[in-house]
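This report is meant for a reader who is meeting the structure for the first time. It takes up ring pairing, then charged side chains, then the surface.

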Amino acid sequence: LENQGRVVLAPGKNVFVLRHRLQAPGFYEFVARFVPDDPMQDGLVQNNEASSFAFVRGRGRVLVVENFR
């Protein structure tokens, strides 16, 4: 999944919601990259990328065991 778009950031914390349905169990990595309009104005390039992950186990399953006597 790649979502590229122009956003305007306010000073301080900015929160963006990404809605995406994961179709299959597995390991997923999410990466966010900030690309400034003017790289010369970027005083701290080390904070321009963040990543996280999710492990999806799949649909929930229930096992019911009964003692029939």
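## Aromatic pairing

In this model, which is a predicted one, the count of aromatic pairs comes to 1. The pair is formed by Phe 27 and Phe 53, whose rings are stacked, with 5.5 Å from centre to centre and 20° between the planes. The pair links distant parts of the chain, since Phe 27 lies in strand β1 and Phe 53 in strand β2 (residues 49-56), with the two positions 26 residues apart in numbering.

Both partners can also be described by their accessibility: Phe 27 is exposed, and Phe 53 is exposed as well.

## Salt bridge

The structure holds 1 salt bridge. In this contact Glu 49 is joined to Arg 33, and the closest N and O atoms are 2.9 Å apart. Here too distant parts of the chain are linked, with Glu 49 in strand β2 and Arg 33 in strand β1, 16 residues apart.

Are the two charged partners buried or exposed? Glu 49 counts as partly exposed because its relative accessibility is 49%, whereas Arg 33, with a relative accessible area of 61%, is exposed.

## Nonpolar surface patch

On the surface, a nonpolar patch is formed by Val 7, Leu 9, Phe 16 and Phe 34, which together have about 380 Å² of accessible area. One of these residues, Leu 9, is found in the segment before β1, the strand that spans 26-33. Leu 9 has a relative accessibility of 40% and therefore counts as partly exposed.

Conventions
Residues numbered from 1 in each chain as written. Predicted model: local features only at pLDDT ≥ 70, side-chain atom pairs only at ≥ 80, totals over all residues. Heavy atoms only, no water. Patch = residues over 30% accessible without salt bridge, like charges linked within 9 Å, V, L, I, M, F, W, Y side chains within 5 Å. Areas by Shrake-Rupley, 256 points an atom, 1.4 Å probe, with all protein chains shown as cover. Salt bridge = Lys/Arg side-chain N within 4 Å of Asp/Glu carboxyl O. Helix = DSSP H or I, 4+ residues; strand = E, 2+ residues; numbered from the N terminus. Buried < 20%, exposed > 50% of the residue type's maximum accessible area, 1.4 Å probe, protein only. Phe/Tyr/Trp six-rings, centres within 6.5 Å; stacked < 30°, edge-to-face > 60°.
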